[in-house]
Amino acid sequence: MNIAILSRKRDLYSTHRLVEAAKSRGHRADVIDTLRCYMNITSVSPTIHYKGNELRHYDAVIPRIGASITFYGAAVVRQLEMMGVFCVNDSVAITRARDKLRSLQLLSKKGIGMPITGFAHSLDEIQDLIKMAGGVPLVIKFLEGTQGIGVVLVETAKAARSVIEAFLGLKVNIMVQEYIKESAGADVRCFVVGDKVVAAMKRQSESPEEFRSNLHRGGMASEIEITEEERTMAIRAAHIIGLNVAGVDIVRSNRGPLIIEVNASPGLEGIEKATGKDVAGSIIEFIEHSTESEKNRATGKG
Ligand code: ADP
């Protein structure tokens, strides 16, 4: 198979591992810089061009779209979909996952457990919003933040008010969330591929003063055994958002597992190093099965 990996840099761990896993299974794998793609949007044979030439035919594409290029990246993935290329995660699911509020609304509709989450526009509603999220301490988050940036824990009502006022004043979209104290700076990252959790790790914040467990914020990763409830929740959450490959973050609370977020381009380095699992290989295997069943459907076999 010819596989393209949409990625800004070929030397990133995740990109490099996907290339390696594809090649070791006998496929060709090219790294395509998302921002160097440009497209011809036409009703007859839409095309993508890359560095001066028409992009060759690929059987499958693995989008690795960073948060800062979501808009353009999703447009490139959409163009590939229009050209009939199998995209591991589709453009709609990628944009859905990037917006934490939209994702939580979709998950809540399907009854997935999550911390109480509030969203408001007007400064007049701050007091009630804080009350709704269970009072302080509470967590304030940017809707489109990543790697723990824009996630703030506020301990007093006065601080909560000031921080919310400041963010709303800056026209930043934020949500206000119940703080799950008992998670004690830890969360569980379930790596979903297709209908399986192929690896899971616990991330623990670097110190008792830090509640964010992100590896980019100094968190430590270790392999963890997940419960059946967590497994089912992670797979359902990925599917509700529409992702085939997802990093689903769960915190363990006194009332059971709660979803924190669903990532559309989860990193491979932390999870592969913590668990020793060949996650990149699982993604390539998923592509093999998916494109095979697609072919069988088209030819009426299987
Ligand atoms: P990002 O997308 O920037 O990683 P998250 O919403 O995943 O932001 O939050 C970052 C980390 O902060 C989580 O991995 C978790 O450890 C911690 N965290 C987030 N929300 C809560 C919460 N409501 N209660 C307790 N801890 C939380």
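The legends below describe close-up views of a predicted model.

**View 1. An edge-to-face pair formed by Phe142 and Phe167.** A search of the whole structure finds 3 aromatic pairs, and among them is the pair of Phe142 and Phe167, whose rings lie 5.0 Å apart centre to centre, with 80° between the planes. Phe142 belongs to strand 9 (residues 138–142) and Phe167 to helix 6 (residues 157–169), so this pair ties together parts of the chain that are 25 residues apart in sequence. The two rings can also be described by their accessibility: Phe142 has a relative accessibility of 25% and counts as partly exposed, whereas Phe167, at 15%, counts as buried.

**View 2. The rings of Tyr179 and Phe211, brought together from two loops.** The centres of these rings are 5.9 Å apart and their planes stand at 85°, so the pair of Tyr179 and Phe211 is edge-to-face. Tyr179 is found in the loop between strand 11 (174–178) and strand 12 (186–193), while Phe211 is found in the loop between strand 13 (196–204) and strand 14 (220–223), so the pair ties together parts that are 32 residues apart in sequence. Phe211 has a relative accessibility of 19% and counts as buried, because the limit for that class is under 20%.

**View 3. A charged side chain over a ring, at Arg56 and Tyr58.** In this view the charged end of Arg56 sits over the ring of Tyr58, at 5.8 Å from the centre of that ring.

**View 4. The second largest pocket and the residues that line it.** This pocket holds about 250 Å³ of space, and 13 residues make up its lining. Those that lie nearest the centre of the pocket are Asp59, Phe86, Thr291, Glu294 and Lys295. Helix 9 (residues 279–299) gives the most to this lining, contributing 6 residues. When the lining of the second largest pocket is sorted by class, there are 5 nonpolar, 3 polar and 5 charged residues.

**View 5. The largest cavity, which lies between two domains.** The whole structure contains 2 cavities of 30 Å³ or more, and the largest cavity has a volume of about 60 Å³. Its lining is made up of Leu18, Ile62, Pro63, Arg64, Val88, Asn89, Val245, Ala264, Ser265, Pro266 and Ile283. Sorted by class, the lining of the largest cavity has 8 nonpolar, 2 polar and 1 charged residues. Both domain 1 (2–95) and domain 3 (183–283) give residues to this lining, so the largest cavity lies between these domains.

**View 6. The second largest cavity, with lining from a helix and a strand.** The volume of this second largest cavity is about 40 Å³, and the residues that line it are Ala97, Lys100, Ser103, Leu104, Leu107, Ile259, Ile260, Glu261 and Val262. Helix 4 (100–109) and strand 16 (256–263) each supply at least two residues of the lining of the second largest cavity. By class, the lining of the second largest cavity is made up of 6 nonpolar, 1 polar and 2 charged residues.

**View 7. Leu6 in strand 1.** Leu6 lies in strand 1, which covers residues 2–6, and with a relative accessibility of 2% Leu6 counts as buried. Leu6 and Glu20 are 14 residues apart along the chain, and their C-alpha atoms are separated by 15 Å.

**View 8. The cis peptide bond from Val136 to Pro137.** The peptide bond that runs from Val136 to Pro137 is cis, and its omega is near -10°. Pro137 is placed in the loop between helix 5 (126–132) and strand 9.

**View 9. Lys51, a residue with a positive phi.** Although Lys51 is not a glycine, it has a positive phi of about 50°. Lys51 lies in the loop between strand 4 (47–50) and strand 5 (53–54), and with a relative accessible area of 48% Lys51 is partly exposed.

**View 10. Lys171, in the loop between helix 6 and strand 11.** Lys171 has a positive phi of about 65°, although this residue is not a glycine. The relative accessible area of Lys171 is 73%, and Lys171 is therefore exposed, since that class begins over 50%.

How values were computed. Residues numbered from 1 in each chain as written. Predicted model: local features only at pLDDT ≥ 70, side-chain atom pairs only at ≥ 80, totals over all residues. Heavy atoms only, no water. Phe/Tyr/Trp six-rings, centres within 6.5 Å; stacked < 30°, edge-to-face > 60°. Helix = DSSP H or I, 4+ residues; strand = E, 2+ residues; numbered from the N terminus. Buried < 20%, exposed > 50% of the residue type's maximum accessible area, 1.4 Å probe, protein only. Lys NZ or Arg CZ within 6 Å of the ring centre and 35° of its normal. 1 Å grid on protein atoms, 1.4 Å probe; cavity = no way out; pocket = protein on both sides within 12 Å on 5 of 7 lines; lining within 4 Å. Points joined across faces, edges and corners; volume = space filled by probe spheres on them. Nonpolar A, V, L, I, M, F, W, Y, C, P; charged D, E, K, R; others polar. Domains from an automatic or database assignment.
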